[in-house]
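Subject: Structure handover and notes

Dear colleague,

I am passing on the structure below, together with notes on what was found in it. Please read the notes with the structure open beside you.

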Amino acid sequence: MNTVRLLLSLAAILSIRLIDAAADIRKTLPVRQPSATVEGLKNSMASALAAACSKTLLAPFDTLKTVQQCHRSSGKALSMIEASKLIMARPKGFREFYAGLGVAVVGSMPSVGLYFGVYSYCKRRFRPLFDSLEQSNNDSSRGVAFTLTILTSAAVGNTVASFSRVPYEVVKQKLQTGLYSSTWEALVSMARQEGVRAFFPLGSVSIQMLRDIPYAMATLLSYEILKDSVGRPWKDRGMNGSLVDALTGALAGGIGSYVTNPMDVIKTRLQTDVATYSGSIFYCAQLTW
């Protein structure tokens with residue numbers, strides 16, 4: 001499961017790099033720097049498009065991850081090969097790897113765009129704190145201010161965006177696990193059974209935030225540190241910039257995925273089977289353990 005999450009994380013990190021690269025290009029142009037609001041809106045649009053691309057490219061891996069995390073009948077974890085066989089045995093065969101893709105793309109674009117837009121805006125707003133401490137030429141102060149800027153921006157961004165992710169995550173995961181055969185069937189059936197509540201199962205928003213916020217903080221902080229401490233020296237030695245970005249992104253994504261994988265498993269199980277766990281994060285964690 002960590003391997004699959006690492007691939008998904010890498011796609012997210014590369015989208016961040018595309019945003020950073022665009023920002024670097026704009027800085028070299030003889031034009032006035034945009035405000036924090038304009039910068040946030042631009043990054044929001046860019047990250048929304050990047051999210052749609054990454055969701056489409058990595059849909060099979062995301063489906064594998066969901067199937068692995070939901071499986072608990074035998075008491076033994078599923079391997080990627082075993083999960084693949086279960087998916088292929090369904091009526092649509094290979095197309096089942098792309099179950100829930102439509103709702104994932106449509107849902108992720110506004111939520112990811114909102115997240116990176118808020119993250120970028122907060123980074124610009126919190127940056128004066130970093131700049132004021134940087135003038136003191138104190139390495140310790142600069143490091144603390146830099147860390148607080150990234151962590152706070154990531155936390156605020158995901159706090160705002162996590163709520164918007166829950167409905168499409170719930171529908172997508174039910175499609176990926178084979179509970180419904182089409183998006184329309186899932187939407188109609190869920191709405192008839194529980195109304196709006198079906199898209200916000202008990203405990204789903206809380207566990208979404210418990211997964212998303214630590215993940216974003218760990219991943220983005222790792223990426224920013226690796227980009228300066230590892231990526232820049234490699235680039236100075238003539239190493240291909242895209243390769244460096246991919247490597248640093250993979251490392252940062254691996255760190256974030258490893259740290260938050262337990263919360264991700266609990267999130268998936270709570271959002272796909274609220275009846276078994278009664279919406280309790282603690283009870284779900286007990287049964288999973």
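To begin with one helix pair, helix 3 (residues 59-70) packs against helix 9 (residues 241-272) with the two axes 9 Å apart and at an angle of about 80°. Since angles from 65 to 115 degrees count as roughly perpendicular, helix 3 is therefore roughly perpendicular to helix 9. On the side of helix 3 the contact is made by K65, T66, Q69 and C70, and on the side of helix 9 by N261, D264, V265, T268, R269 and T272. Please bear in mind throughout that this is a predicted model.

Helix 3 takes part in a further pairing, with helix 4 (residues 80-88), where the axes come within 9 Å and cross at roughly 100°. Helix 3 and helix 4 are therefore also roughly perpendicular to each other. In this pairing T63, L64, V67 and Q68 of helix 3 meet M80, A83, S84, L86 and I87 of helix 4.

As for the chain as a whole, its secondary structure comes to 11 helices and 0 strands, so that the pattern read along the sequence is α-α-α-α-α-α-α-α-α-α-α, given that helices and strands are taken as DSSP runs. The chain has 289 residues, of which 47% count as buried. Its accessible surface comes to about 14400 Å², and 66% of that surface belongs to carbon and sulfur atoms. If one takes the contacts between residues at least 6 apart in sequence, 76% of them join residues at least 24 apart.

Several individual positions illustrate such contacts, and I take them by helix. In helix 2 (residues 36-57) lies S44, whose C-alpha atom is separated by 4.0 Å from that of G113, although the two residues are 69 apart along the chain. With neighbours within four places in sequence left aside, S44 is in contact with G113, L114 and G117.

Helix 6 (residues 139-176) contains A145, which counts as buried at 0% relative accessibility. The C-alpha atoms of A145 and F126 are 9.1 Å apart in space, while the two residues are 19 apart in sequence. I150 also has its place in helix 6, and at 1% relative accessibility I150 counts as buried. Between the C-alpha atoms of I150 and M217, which are 67 residues apart along the chain, the separation is 7.3 Å. Which residues does I150 touch, not counting those up to four places away in sequence? They are Y119, K123, L220, L221 and E224.

In helix 8 (residues 204-236) one finds S222, which counts as buried at 13% relative accessibility, because the cut-off for buried is under 20% relative accessible area. S222 touches A252 and I255, not counting residues up to four places away in sequence, and the C-alpha atoms of S222 and A252 are 5.1 Å apart, with their positions 30 residues apart in sequence numbering.

T248 belongs to helix 9 and is buried, with a relative accessible area of 1%. Leaving aside its neighbours within four places in sequence, T248 is in contact with Y223, L226 and G231.

Turning to the aromatic rings, the count comes to 5 aromatic pairs. In one of them, the rings of F94 and F97 have their centres 5.5 Å apart and their planes at 50°, so the pair is tilted; the reasoning is that planes under 30 degrees apart would count as stacked and those over 60 as edge-to-face. Ring pairs link F94 and F97 with Y98 into a cluster, and F97 counts as buried, at 7% relative accessibility. A charged side chain also sits over a ring elsewhere, in that R165 lies over the face of Y115, at 5.5 Å from the ring centre.

One backbone detail remains, towards the end of the numbering. S278 has a positive phi of about 55° although it is not a glycine, and its place is in the loop between helix 10 (274-277) and helix 11 (281-288).

With best regards

How values were computed
Residues numbered from 1 in each chain as written. Predicted model: local features only at pLDDT ≥ 70, side-chain atom pairs only at ≥ 80, totals over all residues. Heavy atoms only, no water. Helix = DSSP H or I, 4+ residues; strand = E, 2+ residues; numbered from the N terminus. Buried < 20%, exposed > 50% of the residue type's maximum accessible area, 1.4 Å probe, protein only. Contact = heavy atoms within 4.5 Å. Areas by Shrake-Rupley, 256 points an atom, 1.4 Å probe, with all protein chains shown as cover. Phe/Tyr/Trp six-rings, centres within 6.5 Å; stacked < 30°, edge-to-face > 60°. Lys NZ or Arg CZ within 6 Å of the ring centre and 35° of its normal. Axes fitted to C-alpha atoms, helices over the stretch in contact; angles between N-to-C directions. Parallel < 35°, antiparallel > 145°, perpendicular 65-115°, else oblique.
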